[in-house]
Amino acid sequence: MSLRDEKIKSLLGINLDELKDGELQELCNEILESKIHGLCFSLYEDEQQPGDFVNDEQIIRRLNILKPYTDWIRTFSSISEHARIVEIAVDMGFKTLVGAWLSDDLSNNEKEIDGLLKLSSEGLVNIAAVGNEVIYRKELEEHQLISYIDHVKANTPSIPVGYVDAYYEFRDRPSITNACDVILANCYPFWEGCASEYSLLYMKDMYNEAIKASNGKKVIITETGWPSKGSDLWGAHPSYRNYLKYFIDAQLWSKEENIDMFYFSSFDESWKVEAEGDVGAYWGIWNKDEKIKF
């Protein structure tokens, strides 16, 4: 363990409520500079949205911003510019958790699966994620998803293959859990209306639910975070202070327990307001102008 890691672990148990915002900012920076496990990659700038072309220069610029702070990048699609993210990231030395975006568009699903298999065959994928919350969105049936998972597993025997969804889906759908090599669980106390002061305990419960369902398979937290602005969701209050505290709690806990966690997200993305409400635009560690929010 490095001296920096020892210092980070010495912070366990500190009462964050007693700290001023500036002190919380310093802790966030200290943790980030110690390197966090992984980040979900945010591709789109302020006026961009899915479907827009994004050039390599933008991808390289954003990956360079993240490079000092993590070794792992998570992507959500395996076609077009999303495939370029993976290619460029590996060339820059990142490890990758690469997703195929599945939906009820079966023809596009085939393109995504083919793209994931191509990237895997080129040695660019460390962990393959076949779909993201497609069961939660009710866009595929279990047997359809399992067929895609089995197909990818059969063609990538040396790569762990899983599926990303809310932690409870793995508890409630053992057939999907059994099909996965690795359990890729999203854990969001905010989206379940949990008050900030109980959010770490709630995330631990979420993670443990996934562990119980996993039958001994590795569980990776593929998304967690807290918005820095926006409207309340029941008891969950977006604020800059709660955002800072959640980052500290989540990262210290994951380091203490040696849990692989991909934090959501790297950059604020304005396009998410349409799907998620005003909080959708404020999950990033960096803002939409690529300035660190700490």
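A β-α-β crossover counts as right-handed if, with the strands pointing away from you, the path from the first strand over the helix to the second runs clockwise. Keep that in mind as you open this predicted model, and let's start with a unit of that kind.

**Stop 1: strands E6 and E7**

Select strand E6 (residues 182-186), helix H9 (residues 199-213) and strand E7 (residues 219-223). Together E6, H9 and E7 make a right-handed β-α-β unit. Turn the view until the strands point away from you and follow the path round. Now hide H9 and look at the two strands: E6 and E7 run parallel, joined by 4 bridges. For one spot to zoom in on, pick Asn186, which stands opposite Glu223 in E7.

Why is E7 called largely enclosed by the rest of the structure? Because 5 of its 5 residues are buried, and buried here means under 20% relative accessible area.

**Stop 2: strand E4 and its two partners**

Next, select strand E4 (residues 127-132). Here 6 of the 6 residues are buried, so E4 is also largely enclosed by the rest of the structure.

Add strand E3 (residues 95-100), which pairs with E4 in the parallel sense over 4 bridges. Click Ala100 and you'll find its bridge partner in E4, Val130. To get from E3 to E4, the chain crosses through H5, and this β-α-β crossover is right-handed.

Then bring in strand E5 (residues 161-166), another parallel partner of E4, this time over 3 bridges. Asn132 is a handy place to look, since you'll see it standing opposite Val164 in E5. From E4 the chain passes through helix H6 (residues 142-155) to reach E5, in a right-handed β-α-β crossover.

**Stop 3: the largest pocket**

Hang on to Asn132, and add Trp101, Glu133, Trp271 and Glu276: these are the residues nearest the centre of the largest pocket, which is lined by 41 residues. Which elements give two or more residues to that lining? They are helix H4 (81-91), helix H5 (106-121), helix H7 (167-172) and helix H11 (273-276). H4 gives the most, with 3 residues.

The space in this pocket comes to about 1,100 Å³. Try colouring the lining by class: you should get 21 nonpolar, 10 polar and 10 charged residues.

**Stop 4: the second largest pocket**

The second largest pocket has a volume of about 320 Å³. Select Gly13, Ile14, Leu16, Leu200 and Asp249, the closest to its centre of the 20 residues that line it. Two elements give two or more residues to this lining, H9 and H10. You've met H9 already, in the unit with E6 and E7. H10 gives the most here, with 6 residues. Colour this lining by class too, and it splits into 10 nonpolar, 4 polar and 6 charged residues.

**Stop 5: Asn242 in helix H10**

Stay with H10, which covers residues 240-257, and pick out Asn242. Is Asn242 buried or exposed? It is buried, because its relative accessible area is 11% and the cut-off for buried is under 20%.

To see some of what surrounds it, show the residues that Asn242 touches: leaving out those up to four places away in sequence, they are Ser196, Trp226 and His237. That's the end of the tour.

Methods. Residues are numbered from 1 along each chain as its sequence is written. This is a predicted model: local features need pLDDT of at least 70, side-chain atom pairs count only at pLDDT 80 or more; totals for chains, interfaces and linings use all residues. Side-chain values use heavy atoms; hydrogens and water are left out. Buried means under 20% relative accessible area, exposed over 50%, partly exposed in between (1.4 Å probe, protein chains only). Contact means heavy atoms within 4.5 Å. Two strands pair if DSSP finds at least two bridges between them. On a 1 Å grid over the protein atoms alone, a cavity is a set of points where a 1.4 Å probe fits but cannot get out, and a pocket is an open set with protein on both sides within 12 Å along at least five of seven lines; lining residues have an atom within 4 Å of a point. Grid points are joined across faces, edges and corners, and a volume is the space filled by probe spheres set on the points. Ala, Val, Leu, Ile, Met, Phe, Trp, Tyr, Cys and Pro count as nonpolar, Asp, Glu, Lys and Arg as charged, and the others, Gly among them, as polar.
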